[in-house]
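Me: Please go through this structure with me, one point at a time. Short reasoning and a definite end to each reply will do.

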Amino acid sequence: MNFFTYGTFRRNQPRHYVLAQLGLSYLRDACTAPVWEKKNVGGMYTGLVAGNTSVAGELYRLPTERSALNHAILYMNMVEGTHLDMFKLTSILLDNGTEALAYILTPAYTEILLQNGGFSAEPMV
């Protein structure tokens, strides 16, 4: 399975080192199927929520097992103070019909954001 990233884990972004440390290899630029939207959740964090657009990002080969990726990124988020219940790792559909793992905003966290004024208007990475 491959891993799709659309924010600060991309090449030349501040958190890309996590993918490099895990041994993920860049495959190509990619886009999601047009069923998502990229939203700013504050600071440098963005997340995917259900929508009707394609989100541009990058696709990586995942040489490690899924749980290793999940644990590494959850640990990093914990160190940075990110809410651990913000994102979940799940399989999504890309615009070419293939699937990849990606982090999306959890429905519960999306609901909290909406109840508290919605998504941030800050520029997104």
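The turns below cover salt bridges, a ring contact, an aromatic pair, the nonpolar core and a backbone angle.

Me: What kind of model is this, and what pLDDT do local features need?

Reply: This is a predicted model, in which side-chain atom pairs count only at pLDDT 80 or more, totals for chains, interfaces and linings use all residues, and local features need pLDDT of at least 70. Residues are numbered from 1 along each chain as its sequence is written, and side-chain values use heavy atoms, with hydrogens and water left out.

Me: Which residues are joined into one network by salt bridges that share partners?

Reply: A salt bridge here is a side-chain nitrogen of Lys or Arg within 4 Å of a carboxyl oxygen of Asp or Glu, and the structure holds 3 of them. Lys 39 and Glu 37 form one, with their closest N and O atoms 3.4 Å apart. Arg 11 meets Asp 29 at 3.5 Å, N to O, and Glu 58 at 3.2 Å. Shared partners thus give one network of Arg 11, Asp 29 and Glu 58.

Me: How many residues apart in sequence are the parts tied together by Arg 11 and Glu 58?

Reply: Helices (H or I, at least four residues) and strands (E, at least two) are DSSP runs, numbered from the N terminus. Arg 11 is in the loop between S1 and H1, while Glu 58 belongs to strand S5. The pair therefore ties together parts whose separation in sequence is 47 residues.

Me: Is Glu 58 buried or exposed?

Reply: Buried means under 20% relative accessible area, exposed over 50% and partly exposed in between (1.4 Å probe, protein chains only). Its partner Arg 11, at 36%, is partly exposed, and Asp 29 is partly exposed at 49%. Glu 58 has 7% relative accessibility, so this residue counts as buried.

Me: Over the face of which residue does Arg 11 lie?

Reply: A charge sits over a ring if NZ of Lys or CZ of Arg is within 6 Å of the ring centre and within 35 degrees of the ring normal. Contact means heavy atoms within 4.5 Å; not counting residues up to four places away in sequence, Arg 11 touches His 16, Tyr 26, Asp 29, Glu 58 and Tyr 60. The ring centre is 3.7 Å away, and the ring is that of Tyr 26.

Me: What is the geometry of the aromatic pair of Phe 3 and Tyr 103?

Reply: Rings of Phe, Tyr and Trp (its six-membered ring) pair if their centres lie within 6.5 Å; planes under 30 degrees apart count as stacked, over 60 as edge-to-face and the rest as tilted. Phe 3 is buried at 1%, as is Tyr 103 at 7%. Their centres are 6.1 Å apart and their planes 75 degrees, which makes the pair edge-to-face.

Me: Which element gives the most residues to the largest nonpolar core?

Reply: A nonpolar core is a set of buried Ala, Val, Leu, Ile, Met, Phe, Trp, Tyr and Cys residues joined through side-chain atoms within 4.5 Å. The largest has 31 residues, and Phe 4, Ile 92 and Leu 105 have the most contacts inside it. Elements giving two or more residues include S1, H1, S6 and H3. With 6 residues, the element giving the most is S7.

Me: What is phi of Asn 12?

Reply: Asn 12 is found in the loop between S1 and H1 and is exposed at 78%. Its phi is positive, in a residue other than glycine, with a value near 65 degrees.
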